[in-house]
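Could you walk me through this fold in my viewer, one selection at a time? I would like to know what to pick next and what is there.

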Amino acid sequence: MEPARIPESFPAPSYRGNQERALADIRDAFAAGNDVVLVRAPTGSGKSLLARSIMGAARTVAEADPAQPTGAYYTTPQVSQLDDVEADDLLDDFRVIRGKNNYDCILPGEHDTPVDQAPCVRKRGFDCTVRHRCPYFSDRAIASNQPIAAMTLAYFMQTAGSDVFRMRDVVVVDEAHGLAEWAEMYAAVELTPRRVPVWDDVDVPDVTDATGDPVEGAVRFAEQLRERCAAEKDQLLAKPELTPDEAARRDRLQELISELAYFAEDYRDPHSPTTWVVDQPEGAGGAISIKPLDPAKYLKHTVWDRGSKFALLSATILNKEAFCRGVGLDPETVALVEVGHTFPVENRPLYDTTQGKMTYEHRDETLPKIADLLVCLMGEHADEKGLVHCHSYGIQERLADRLAELGVAGRVRVHDRENRDAQLEAWKASDEPELFLSVKMEEALNLEGGLCRWQVLCKAPYLNTNDSRVEQRLEEGQWAWYYRAALRTVIQACGRVVRSPEDYGATYLADDSLLELFDRASADVPDWFQEQVDRLSTPTLPAADPATALAGVDASPSARTGSSGRRSGRESGGSTDGASSSRSSSTASSSGSGSDRTANKTEAEAEKRENHPLSDVWGDG
């Protein structure tokens with residue numbers, strides 16, 4: 001790497017905000033000998049352009065000795081972020097590669113078949129005559145031979161050890177704040193009816209039976225399940241040709257065999273430092289979740305062995321030391337570059353409109369008040385689009401039903417798991433001031449300008465304390481980690497509606513617990529966000545009047561939910577239970593509590609399946 005090239009590699013014709021200063025600081029941090037540089041840059045800093053500048057300093061083929069790595073990787077956990085850089089004309093030298101299931105086969109009669117189910121993976125000895133034109137293998141070849149290869153973090157981790165995507169000189173991880181969580185998901189084993197093809201052929205015991213060790217019980221079941229999966233896979237391999245469904249089943253069986261083997265071997269290894277935790281909420285016959293408590297070691301071969309120098313970019317790496325420990329880095333060997341916020345604080349106000357607590361014991365009382373608040377806010381923002389961060393599908397459904405009872409359904413749009421992306425795009429494209437009740441859209445959502453002028457956080461996004469991993473950490477006193485995780489989500493959410501120095505948007509806080517969170521996590525609040533907290537005020541809002549709330553839309557106060565075509569799910573015939581099996585790479589997830597707790601457990605399991613970090617690369621080779 002040649003740090004001096006970082007500023008001159010900036011791809012835009014001019015700098016914006018603090019970009020020039022940031023690049024100089026990043027250059028100096030690498031020049032001082034640091035192999036890893038954290039770049040804490042607020043929303044709207046142009047992190048993708050900073051990333052391009054950093055990768056421009058990577059060793060070139062002409063500069064390298066035969067054994068030295070060259071070129072750079074750009075990777076991000078967010079599929080939408082990868083979409084954005086692919087569409088950016090300033091980043092046209094990023095060569096994007098995605099998982100096989102994002103490409104269609106080009107053979108006659110197979111144009112609707114994803115490459116991971118094409119004849120080349122279904123038929124024994126199949127010789128594809130058009131492999132050189134296959135969209136997947138073509139993109140892979142281009143990306144592997146160009147100076148900058150861009151991919152999701154899921155694909156990047158899955159291709160560790162690949163002969164195609166070998167070690168490079170520079171690796172940039174954008175939106176890097178969730179690296180520890182992604183490592184955990186990468187190493188986790190989720191045993192559910194949907195993810196275990198032979199589920200109906202095995203007896204699933206209660207591995208968390210109080211009479212024994214849950215992890216030992218999970219290991220015994222994992223070893224039995226592995227044998228059953230191997231037998232099923234061998235039967236499929238014996239066939240000369242498979243259907244697309246059979247090919248997908250074979251690949252999932254192989255992946256599951258590998259996951260189960262790794263878990264059992266690691267647990268049996270007396271030298272392994274890993275502590276495993278197991279959840280099985282429904283007992284015998286129910287889904288089993290097996291997670292490592294400290295997954296940092298999984299990042300070594302999937303991330304840290306993939307490059308010589310690393311730049312990790314995010315607005316919400318809130319605590320350098322804690323972040324480094326969580327991802328397996330020594331804080332003493334990592335530099336932190338702080339990029340200041342250039343958006344006027346008055347353009348990004350926070351408002352205290354708290355209505356009570358949204359915890360389980362108080363939700364029945366608080367949620368109707370929040371629905372009334374939303375009617376008030378629709379009146380206050382009669383001609384402007386709004387977004388509600390609902391936290392879970394259970395909360396979303398109850399809010400939608402209550403708003404329908406209040407007569408304002410004509411201005412409300414919701415989504416379910418299957419039509420999430422479609423409803424989001426429809427809402428963004430609408431000319432009417434719709435209110436979008438969203439679930440898990442706190443990150444990777446750009447609502448610049450009139451796309452959204454106001455948003456509501458209706459619940460403090462604390463992690464589920466029924467999760468064994470969370471429970472054990474809290475038993476060990478890791479409350480700072482717990483509060484920091486929630487604060488990170490809040491800050492990410494607040495950045496959705498103000499995307500440039502000229503942009504503006506209001507964020508309303510509806511849950512009392514959000515105010516408590518700011519106090520509990522005060523040591524980790526960035527200065528620029530603390531400015532917003534310090535200016536927190538209580539607005540004067542109009543009364544909750546349905547007619548005023550609907551003044552800006554073509555709907556009547558008595559409109560029923562769905563009558564205007566904005567609702568999805570139950571009224572539109574869409575499913576509201578189970579995860580999507582489409583090839584969408586949504587990043588949604590759900591956690592439930594309150595009177596909808598049982599339903600949300602199912603939702604959470606479904607979302608884990610749909611949004612597992614490897615969901616876009618199953619079957620990739």
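Here is a short tour of the sheet, with a few strands and a helix to select along the way.

Keep in mind that this is a predicted model. Start with the whole sheet: seven strands form an open sheet with parallel pairing, in the order β3-β4-β2-β5-β9-β1-β10. Now colour its edges, which are β3 (95-96) and β10 (334-338); each of them pairs on one side only.

**Inside the sheet: β2**

Select residues 72-76, strand β2, where five of five residues are buried. Side chains in a regular strand alternate between the two faces of the sheet. Turn β2 to check both of its faces: A72, Y74 and T76 are buried on one side, and Y73 and T75 are buried on the other.

Next, add the neighbours of β2. Strand β4 (residues 148-152) pairs with β2 in the parallel sense over five bridges; label T75 and you will find M151 of β4 as its bridge partner. Strand β5 (residues 168-174) also runs parallel to β2, joined to it by four bridges. On that side, look for Y73 opposite V171 in β5.

**Towards the β10 edge**

Move to residues 36-40, strand β1, which pairs with β10 in the parallel sense over five bridges. Label V39 to see it standing opposite V337 in β10.

What lies across β1, β9 and β10? Select residues 320-327 and you have it: helix α12 lies across these strands, with β9 spanning 307-314. Relative to β10, helix α12 runs at about 135 degrees.

Definitions and conventions. Residues are numbered from 1 along each chain as its sequence is written. This is a predicted model: local features need pLDDT of at least 70, side-chain atom pairs count only at pLDDT 80 or more; totals for chains, interfaces and linings use all residues. Side-chain values use heavy atoms; hydrogens and water are left out. Two strands pair if DSSP finds at least two bridges between them. Helices (H or I, at least four residues) and strands (E, at least two) are DSSP runs, numbered from the N terminus. Contact means heavy atoms within 4.5 Å. Axes are lines fitted to C-alpha atoms, for helices over the stretch in contact, and angles run from 0 to 180 degrees between N-to-C directions. Buried means under 20% relative accessible area, exposed over 50%, partly exposed in between (1.4 Å probe, protein chains only).
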